[in-house]
Amino acid sequence: MCRHLAYLGPEEPLGRLLLQPPHSLYQQSWAPRRQRHGTVNADGFGVGWYAEGDPVPARYRRAGPIWADQSLTDLARVVRSGAVLAAVRDATLSGADAEAAAAPFAAGPWLFSHNGAVRGWPDSLAPLVQGLPAVDMLSLEARNDSALVWALVLARLRGGDQEGQALADTVLEVAAAAPASRLNLLLTNGEAIAATAWGDTLWYLSRPGGGTVVASEPYDDDPHWQEVPDRTLLAASRTDVLLTPLKEPDDILTPAPPASAKEPRT
């Protein structure tokens, strides 16, 4: 459920990234080609972007389907940006949070999206709440699994973790508490993209001089799109993409023999 996309590169009109490609995020809202769970992403949408010289992104979100919004086309025609994160939503459970539940979630310089679902929500993640600051719980944007996963990521970012480490550790924590969850997370600070492939599809396209796109599925038939293997952490800049395998929670909990080289926590 849900489809999302992040872009870093030369400034582009939002419409060229989100509306015009033949299999754009707009098209994916009713005709995704590679979505493994759900069929229509009509429970809201959102786009966040960065303006030059301002580290805090702007957002435009709505509770309804992207095709029903009559203002987005004009907005996407004139707004240009070199850093974008957008999503179309298929809600796991019905709720009253409407626009507030639509990604991207935002705080400070960060934009965040979750493509997936937490198994056993909300009971399965209740034990993790006690590790979050009270003010973060009281200021949750919505009462859904994605908003709480964002709170877990944000607590790590505010604690000093780098973006990729914050995503990797959150995926492991949630996967241990709620096995069989789908946790494709997408995060940007306007200068880099971090993402996880954990239970659903993830692709990237990196073109010399053309920037980097990370998305749930390709928005066109460019043969240079690369699929990200499941259980992988992706870190991308405007020119480079790095893939790192993620360990399963059981691998972390099982004592390992002494290693001669220091291993990353992922």
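Okay, one definition before anything else: when I say a residue is buried, I mean its relative accessible area is under 20%; exposed means over 50%, and partly exposed is in between. Keep in mind, too, that what you see above is a predicted model.

Let's try that out on S146. Is S146 buried or exposed? Its relative accessible area is 10%, which is under the 20% cut-off, so S146 is buried. You'll find S146 in helix α6, which covers residues 145-158. And which residues does S146 touch, if we skip the neighbours within four places in sequence? Those are F105, F112 and H114. If you want a feel for distances, go from S146 to T201: that's 55 residues along the chain, and the two C-alpha atoms are 17 Å apart.

Just before α6 there's a loop coming from α5 (134-138), and S139 sits in that loop. S139 has a relative accessibility of 48%, so we call S139 partly exposed. Between the C-alpha atoms of S139 and R207 there are 39 Å, with 68 residues separating the two along the chain.

Now the sheet. It's an open one, made of 7 strands with antiparallel pairing, and the order is β3-β2-β4-β1-β10-β9-β11. At the edges you have β3 and β11 (226-227), and each of those pairs on one side only. As a general reminder, strands in a sheet pair through backbone hydrogen bonds, and that can be parallel or antiparallel.

Let me walk you through β1, residues 3-13. How many of its 11 residues are buried? It's 9, so β1 is largely enclosed by the rest of the structure. One partner of β1 is β4, residues 80-88: they're antiparallel, with 8 bridges. If you'd like a spot to click on, L8 is opposite A83 of β4. Another partner is β10, residues 211-215, also antiparallel to β1, this time with 4 bridges. There you can look at A6, which faces V214 in β10.

Strand β4 also pairs with β2, residues 45-49, through 5 bridges, antiparallel once more. G46 is a good marker here, since its bridge partner in β4 is A87.

Back to helices, and to α7, residues 163-177. From first C-alpha to last, this 15-residue helix reaches 21 Å, close to the 21 Å you'd expect at 1.5 Å a residue. Of those 15 residues, 11 are buried, so α7 is largely enclosed by the rest of the structure. Among the buried ones are E163, L167, D169 and V174.

But not everything in α7 is buried. E173 comes out at 25% relative accessibility, so E173 counts as partly exposed. And E173 has a partner: its side chain meets that of R156 in a salt bridge, 3.0 Å from N to O. Since E173 is in α7 and R156 is in α6, the pair ties together parts that are 17 residues apart in sequence.

That brings us to salt bridges. In general, oppositely charged side chains can pair when their charged atoms come close. How many salt bridges are there in the whole structure? The search finds 13. I'll pick out a few of them.

Start with R16 and E12, where the closest N and O atoms are 3.1 Å apart. On the R16 side we have 45% relative accessibility, so R16 is partly exposed. E12 has 18%, so E12 counts as buried.

Next, R77 and D74, whose side chains form a salt bridge at 3.5 Å, N to O. Both residues belong to helix α3, and they're 3 residues apart, about one turn of the helix. R77 is exposed, with a relative accessible area of 56%, while D74, at 46%, is partly exposed.

There's also a salt-bridge network, and that one links R3, D200 and E217.

Last stop, the surface. W30, V40 and W67 make a nonpolar patch of about 280 Å². Where does W67 sit? It's in the loop between β3 (58-62) and α3 (72-78). W67 has a relative accessible area of 38%, so W67 is partly exposed.

That's my tour. Have a look at the model yourselves, and grab me with any questions.

Conventions
Residues numbered from 1 in each chain as written. Predicted model: local features only at pLDDT ≥ 70, side-chain atom pairs only at ≥ 80, totals over all residues. Heavy atoms only, no water. Helix = DSSP H or I, 4+ residues; strand = E, 2+ residues; numbered from the N terminus. Buried < 20%, exposed > 50% of the residue type's maximum accessible area, 1.4 Å probe, protein only. Contact = heavy atoms within 4.5 Å. Patch = residues over 30% accessible without salt bridge, like charges linked within 9 Å, V, L, I, M, F, W, Y side chains within 5 Å. Areas by Shrake-Rupley, 256 points an atom, 1.4 Å probe, with all protein chains shown as cover. Salt bridge = Lys/Arg side-chain N within 4 Å of Asp/Glu carboxyl O. Expected span 1.5 Å × (residues − 1). Pairing = 2+ DSSP bridges.
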